[in-house]
Amino acid sequence: MFCGKQRRIVCVWFPRLASDGALRAHPLEGPFALTLRQGNAERLHCLNRAAEAAGLFRGMALAEARVFCAALQTRPADLHREAQLLAALRRWATRYSPWVGLEGEDGLALDITGAAHLFGGEAGVLADLRARLSRAGFTACLGLASSRGAAWALAHHGEGVAPPGADLAAIAGLPVAALRLAPETVTALQRLGLRHVGDLARTPRAPLARRFGAALLDRLDAATGATPEPLTPGAEPPRFALRLTLPDPIGLVADVQAGTARLLAALCERLAAQQAGARVLRLTLRRVDRDTQEVELRLAAALRDPARILPLFTRGIEAVDAGFGIDQLRLEAVQVEPLPAEQLGTTTAPGDPTRLGDLLSRIGTRIGLENILRLLPADSHVPERGFLTAPAVFSRPASGWNAPRPRPLVLFPPEPVAAAGSTPPRAFRWRRMALSTARAEGPERLAPEWWFDDPAWRSGLRDYWRIETWQGRRLWLFHTPQEPGWWVQGEFA
Amino acid sequence: MSDTPIPGYPLRPGRVHEVCGPGATAFAAICAAPGTGPVLWIREAHSREALTPQGLLPFLDPARLLIAQTRTQADSLAVAEEALKDGTVPLVVLAVTRPLDLREGRRLQLAAGAGGATGLCLIPEGMGSNAAETRWRATPRLAPQPGPDSTPFRWESIKNKSGTTGAWDVLWEAATHRLRVVSPSRE
């Protein structure tokens, strides 16, 4: 195809991927199946060999299956886990060739062009694949051909190898379903008497295209190699995790720090290559008794400077119980954010955002980053809801404050004051202090927000007064006319 | 009326000061007003009193304020020490709920000296630490005439390691962002 060389594609089909995966984790004897809820019924999703031998099949209702086979053991299927398993197998298969893609939900396609000699030729690749997969407990059907379509056909219909350039000859005897056609097309072709791929290839193309559309011929051409079909290798997302395994256990804080420093330097290099910065880091320390200790570090800003991150680990590492010693360190950037390279200034003056971020990270390791708060404006005339507090490192400072009327500097939950009437009391007691009113400004009537059911505002309207006392204190009192009473809610500067 | 400077005010940077009395919060806000950098306000999470940004507006831009909520005073002190030592935050305000012993007070002083930041402890009456550079008592006063700028205070300097003590009647002018000493009062 390109550079005069035939592509060679291996298709691996796992007919029992999900049940093999489930049985690998928790082995069982006897018929076993995974069930999936479809509509209103539990149906068999994936069966092991014993269950298939008992006459069960995929898509069968579970109740029916139990009648046929009383010994059937089942577990619920997990499609997400299944996809993860296939992705892991795909990653593993890159040992044969760098060009490995997924083939549907239960298969892999490997482009082994030019890589087969590393395993002693194509037969060597297939034998190695089969041996390793069966040792791992997976049933696999392999097909090798020059095109993806032919490899798929061979894998799904009896396995086999098509010699280079002889794809059509190899699949000519296979049923038309081997061309990855829709079931209704397959039925229609069979009704016409076109049962095998070979029959289809010998039939004039124009009437076929008229009857079944271009899709059928596209599939046929892809299988015979007449039109190329690309193979998309899975993306390799960058992995920000490293580990360091030690020949002898360590226990001193300084030693663990030194190990962490090594991992951190390498991790930061990876982060720099991806123009990313770590936001959350996790250091997992495995002890010789197989217990693991975790140190989690949350940073105030995305960072990839080992010299700035390492001191932040000190506190966490000191708190670790090393037991009989630690023999493996694993450092992972759990949360990564893009961090483009920046022009560095020559000075780091106080007030520099990066220095502030470092300080907040350090404080955050002690009290938690979510406990460093910032005040943000909120759209409410209710005093206690007129502002928001948000974690400083996850928000930006906001402006747009407005206070049309003076507001107290300090606000506290309302404290009752013994007084009556709708005009401010002349003298009252608050916090065991006898206070007398010198001047009163108000009232400023605030209505509760009916769209919130705030227990504190159930007493209805509030008439706020700014009271200046002869004793000096400037207080914010309110009167609730609907449920008469006086309360102190704040103090002015 | 005169603009007599108050000895000890503005607070000496690189030291830790203390303020008590009912006007302590406003005192801290006035101390934070002249700068432009962030202000770290450390308080314990269980405290019932909350600072309101609208109330801070006459003194400083609430966006400058960072509030650290801690569980215990030990955490508060650790955060204050860290922030003072770093010096990135020019003013660190620490709400103290139990008296500091000499060791804690001294550690804060050393941290402030290392970082060059100013520390201000809001202390309950009579809970001062011997290590403090200055100690103030701020009490609000009744304004002679009503008005939005009527925020007079009586500031008493009750301890000053490097200067004289005294008492002053001061007034914060929100419009000009300026502290005015009304008159030196004698008692």
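In which sense do strand 2 and strand 5 of chain B pair, and over how many bridges? Strand 2 (residues 39-44) and strand 5 of chain B pair in the parallel sense, over four bridges. Keep in mind that this is a predicted model, where local features need pLDDT of at least 70 and side-chain atom pairs count only at pLDDT 80 or more, while totals for chains, interfaces and linings use all residues. Residues are numbered from 1 along each chain as its sequence is written, and chains are lettered from A and ligands numbered from 1 in the order in which they are written.

**Chain B at a glance**

- Chain B has four helices and ten strands; helices (H or I, at least four residues) and strands (E, at least two) are DSSP runs, numbered from the N terminus.
- Walk along the sequence of chain B and you meet the pattern β-α-β-β-α-β-α-β-α-β-β-β-β-β.
- Of the 187 residues in chain B, 51% are buried, meaning that 20 or more other C-beta atoms lie within 10 Å of a residue's own (exposed is 12 or fewer, partly exposed is in between, and C-beta atoms are placed from the backbone).
- Take the contacts in chain B with a separation of 6 or more: 73% of them link residues 24 or more positions apart. Two residues are in contact if their C-beta atoms, placed from the backbone, lie within 7 Å.

**Around strand 5 of chain B**

- Strand 5 (residues 91-95) of chain B is mostly covered, with five of its five residues buried.
- Leu91(B), Val93(B) and Ala95(B) point one way from this strand, Val92(B) and Leu94(B) point the other way, and all are buried.
- On the strand 2 pairing (two strands pair if DSSP finds at least two bridges between them), Trp41(B) has Val93(B) as its bridge partner.
- Strand 5 of chain B also runs parallel to strand 6 of chain B, joined by five bridges, and here Leu94(B) is partnered with Cys121(B).
- Strand 5, helix 4 (residues 102-115) and strand 6 of chain B make a right-handed β-α-β unit. Right-handed means that, with the strands pointing away from the viewer, the path from the first strand over the helix to the second runs clockwise.

**A closer look at Gly119(B)**

- Gly119(B) sits in strand 6 (residues 118-122) of chain B.
- Why does Gly119(B) count as buried? Because 28 other C-beta atoms lie within 10 Å.
- Leaving aside neighbours within four places in sequence, the contacts of Gly119(B) include Val16(B), His17(B), Val92(B) and Leu94(B).

**Where the chains meet**

- The contact takes 39 residues from chain A and 42 residues from chain B.
- On the side of chain A that touches chain B, helix 14 (353-367), strand 13 (372-377), strand 15 and strand 17 (433-446) each supply at least two residues. Helix 14 of chain A gives the most, with seven residues.
- By class, that side of chain A has 25 nonpolar, five polar and nine charged residues. Ala, Val, Leu, Ile, Met, Phe, Trp, Tyr, Cys and Pro count as nonpolar, Asp, Glu, Lys and Arg as charged, and the others, Gly among them, as polar.
- Strand 13 of chain A runs antiparallel to strand 4 (residues 65-70) of chain B, joined by three bridges; Ile372(A) stands opposite Ala68(B) there.

**A sheet with strands from both chains**

- Seven strands form an open, antiparallel sheet in the order 16(A)-17(A)-18(A)-19(A)-20(A)-15(A)-3(B).
- The edge strands are strand 16 (427-430) of chain A and strand 3 (50-51) of chain B, and each pairs on one side only.
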